[in-house]
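Morning, everyone. I have one structure for you today. Please look at the screen.

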Amino acid sequence: MAQGGTFIHEPDPEFPGWHSWRLNEGTRFNTHGLGRMLIRREGEKSARLRLVDVESHHSNVHDNVHGGVTLALIDVAMFASIFTVLGADAAGSVTLDLHNQFIGAGRIGQPLDVISEVVKETRRLVFMRGTVEQGDHLVASFVGTLRKPSVGKVSAQ
């Protein structure tokens, strides 16, 4: 369990094999704008972040998942994946770019998953790619780059 820093990452008793992913401080956007998230490692360089409860407040006027929610979830997933795959707290990192393609509508009432893969890590950058899925339904694909904090600010958990 990693606690006391920026994130809380601990086994979830309701979902075996999954870990909670939340900010230690519960007043931020991740908690109120998105909600309950879980993460698990999938392979050597990949992780799956799940937004568990996709509800009406996540919807657009068409009663599908709002594109802004999808983009925010992708952004959170990139940071969570650095922690899960690389074993480093990326709290001081920043998103340099995020290129997204919306492919299908996300559905309200079904968990929304972001599968992120670390493509390459350098001293200061992490290059990532992935997809957003609901079951076998493809919602989006993305590529993004995170810049790690100055040397000494990324700490293994």
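I'll go from the overall fold to the sheet, and then to two residues. Keep in mind that this is a predicted model.

Start with the whole chain. The protein has 157 residues, and 41% of them are buried. It contains two helices and eleven strands. Along the sequence, the pattern reads β-β-β-α-β-β-α-β-β-β-β-β-β. The accessible surface is about 8000 Å². Carbon and sulfur atoms account for 51% of that surface.

How do the contacts spread along the sequence? Take the contacts between residues at least 6 apart. Of these, 55% join residues at least 24 apart.

Now the sheet. Which strands form it, and in what order? Seven strands, running β2-β4-β5-β8-β9-β10-β7. The sheet is open, and the pairing is antiparallel. At the edges sit β2, residues 19-20, and β7. Each of those two pairs on one side only.

A reminder on the chemistry: strands of a sheet pair through backbone hydrogen bonds, either parallel or antiparallel.

Look at one pair inside this sheet. Strand β8 covers residues 112-121, and strand β9 covers residues 125-134. Eight bridges join these antiparallel strands. To find the register, go to Ser116, which stands opposite Gly130 in β9.

What packs on the sheet? Helix α2, residues 67-86. This helix touches β4, β5, β7, β8, β9 and β10. Its direction makes about 125 degrees with that of β7.

Now the two residues. Both sit in loops, so don't skip past the loops on screen.

First stop, His58. This residue lies in the loop between β5 and α2. Buried or exposed? His58 counts as buried, because its relative accessibility is 0% and the cut-off is under 20%. What surrounds it? Setting aside neighbours within four places in sequence, His58 contacts Gly33, Leu34, Leu51, Asp53, Asn64, Val65, His66, Val69 and Ile108.

Second stop, Ser93. It is in the loop between β6, residues 88-89, and β7, residues 94-102. Ser93 has 8% relative accessibility, so this serine counts as buried too. Which residues does Ser93 touch, again leaving out neighbours within four places? They are Phe79, Arg147, Lys148 and Pro149. Also check Leu146. Ser93 and Leu146 are 53 residues apart along the chain, yet their C-alpha atoms are separated by 6.5 Å.

To recap: an open sheet of seven strands, helix α2 packed on that sheet, and two loop residues, His58 and Ser93. That's my part. Over to you.

Terms used
Residues numbered from 1 in each chain as written. Predicted model: local features only at pLDDT ≥ 70, side-chain atom pairs only at ≥ 80, totals over all residues. Heavy atoms only, no water. Helix = DSSP H or I, 4+ residues; strand = E, 2+ residues; numbered from the N terminus. Buried < 20%, exposed > 50% of the residue type's maximum accessible area, 1.4 Å probe, protein only. Contact = heavy atoms within 4.5 Å. Areas by Shrake-Rupley, 256 points an atom, 1.4 Å probe, with all protein chains shown as cover. Pairing = 2+ DSSP bridges. Axes fitted to C-alpha atoms, helices over the stretch in contact; angles between N-to-C directions.
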